[in-house]
Amino acid sequence: MVHYHAVVWLDHSESQGHAFHPEEVASAAIHAKEPHKHLHAKHTLHEKHHADAEFYHHIVEALRGAKEILVAGPGAAKLELVKHIHQHDHDLVSSLVAVETVDHPSDGQLLAYARKYFRAADRML
């Protein structure tokens, strides 16, 4: 079944996603191959985090079929995913509707946040 809305929450270690419509929800979790190491501020001038393209590719594959996608997360990984989509998955660019900063929610909290977001967005149309 094709879902109209999707939300993905991610950091550099994991992602959780939900594709949904009013009667049904499909959920998936994807983990990065190598866990992200937090770099102390002193080291960030010399060491940079390298985006895990394979991790982002798996997330994109899970999002395929959704008509509208909300990307959420606490840090830079959400922006790296959007950049990955713009560079490698041009067909999904028009499906990206928003990028939101959301700290570590439970699955239920993330789904409730997405439903509330899309209800408000749909009313504005």
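Which residues of H2 are buried? The close-ups below, all taken from a predicted model, start with that helix.

**Figure 1. The buried side of helix H2.** Welcome to H2, where the buried residues are Ala-77, Lys-78, Leu-81, Val-82, His-84 and Ile-85. Because these residues cover an arc of only 155° around the axis, they sit on the same side of H2. Look for what covers them: strand S1 (5–10), helix H1 (53–63), strand S4 (68–73) and strand S5 (96–101) are included. On the face turned away from this buried side, you will find the exposed residues Leu-79 and Lys-83.

**Figure 2. Helix H2 from end to end.** H2 runs over residues 77–88, which makes 12 residues. At 1.5 Å a residue, the helix should therefore span 16 Å, and the end C-alpha atoms are indeed 16 Å apart, so expectation and model agree.

**Figure 3. The buried face of helix H1.** Here we turn to H1, whose buried residues are Phe-55, Tyr-56, Ile-59, Val-60 and Leu-63. Seen down the axis of H1, they fall within an arc of 135°, so they line one face of the helix. Their packing partners are S1, strand S2 (14–21), strand S3 (24–31), S4 and H2. Follow the chain just past H1 and you reach Gly-65, which takes a positive phi of about 100°.

**Figure 4. Aromatic neighbours.** How many aromatic pairs does the model hold? The count comes to three. One aromatic pair joins Phe-55 and Tyr-56, with 5.5 Å from centre to centre and 40° between the planes, a tilted arrangement. Both Phe-55 and Tyr-56 are buried, and both belong to the buried set of H1. Elsewhere in the view, Phe-20, Tyr-117 and Phe-118 form one aromatic cluster.

**Figure 5. The second largest pocket.** This close-up shows a space of about 220 Å³ in the second largest pocket. Its lining is made up of 21 residues, and those nearest the centre of the pocket are His-18, Ala-19, Ala-26, Ala-62 and Leu-63. Of these, Leu-63 may be familiar from the third figure, as one of the buried residues of H1. As for the elements around the pocket, S1, S2, S3 and H1 each supply at least two residues of the lining.

Technical notes. Residues are numbered from 1 along each chain as its sequence is written. This is a predicted model: local features need pLDDT of at least 70, side-chain atom pairs count only at pLDDT 80 or more; totals for chains, interfaces and linings use all residues. Side-chain values use heavy atoms; hydrogens and water are left out. Helices (H or I, at least four residues) and strands (E, at least two) are DSSP runs, numbered from the N terminus. The expected span of a helix is 1.5 Å times one less than its number of residues. Buried means under 20% relative accessible area, exposed over 50%, partly exposed in between (1.4 Å probe, protein chains only). The arc is that of the directions from the helix axis to the C-beta atoms. Contact means heavy atoms within 4.5 Å. Rings of Phe, Tyr and Trp (its six-membered ring) pair if their centres lie within 6.5 Å; planes under 30 degrees apart count as stacked, over 60 as edge-to-face and the rest as tilted. On a 1 Å grid over the protein atoms alone, a cavity is a set of points where a 1.4 Å probe fits but cannot get out, and a pocket is an open set with protein on both sides within 12 Å along at least five of seven lines; lining residues have an atom within 4 Å of a point. Grid points are joined across faces, edges and corners, and a volume is the space filled by probe spheres set on the points.
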